[in-house]
Amino acid sequence: MKILLLIVLLVISASVVSQAVNAQSLYFCEDVSKDGYPIGESTVFTIPSGGGYLKMLVRLPYTLDVYSVRYEVYKVDSYGNETYDNTIYQDTEKSWVWFWKQITFYKSGNYNVYVYDSNNYLLASSSIKIKY
């Protein structure tokens, strides 16, 4: 019985690790390398009071297979409630496995960003804190 339980736990663990390695990722960064890797990645950025920009990088374990994506941005209050902030659209190529978009923040706070393809499939999401 213990061996069966151990085998089940190993299979589940391997599955979780495999999914994490192949998962879609949204990174916030200062720049993106020519090979599609984040430069200056962070989840906390300090911007001037007049606003500041950074880049959002999405990396996928498969080709995108659509011609557009959208980034939905929500501000998060101290209770964890989301308030819609804005949507940013981006034209893409079906063969892309990574892509990035510049975003400008004008207000400090915590934000959640969700990236959807043109079929409304959630590709990736992440959270960021903007400070002055």
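**Reading a three-strand sheet**

Tutor: Begin with one pair of strands in this predicted model. Strand β1 is joined to β5, residues 52-59, by five bridges, and the two run antiparallel. Within that pair, L26 sits opposite V58 of β5.

Student: How many bridges join β5 to β8?

Tutor: Eight bridges join them, and β5 and β8 also run antiparallel. Here Y53 of β5 faces T104 in β8.

Student: What is the order of the strands in the sheet?

Tutor: The order is β1-β5-β8, in an open sheet of three strands with antiparallel pairing.

Student: Why is one side of β1 and of β8 left without a neighbour in the sheet?

Tutor: Strands β1 (25-29) and β8 (98-105) stand at the edges and each has a single partner strand, so one side of each lacks a neighbour in the sheet. From one strand to the next, the twist averages 25°.

Student: Is β5 mostly covered or mostly open, and how do I read that?

Tutor: Burial is read residue by residue: a residue counts as buried when its relative accessible area is under 20%. In β5, six of the eight residues are buried, so by that cut-off the strand is mostly covered.

Terms used:
Residues numbered from 1 in each chain as written. Predicted model: local features only at pLDDT ≥ 70, side-chain atom pairs only at ≥ 80, totals over all residues. Heavy atoms only, no water. Pairing = 2+ DSSP bridges. Helix = DSSP H or I, 4+ residues; strand = E, 2+ residues; numbered from the N terminus. Axes fitted to C-alpha atoms, helices over the stretch in contact; angles between N-to-C directions. Buried < 20%, exposed > 50% of the residue type's maximum accessible area, 1.4 Å probe, protein only.
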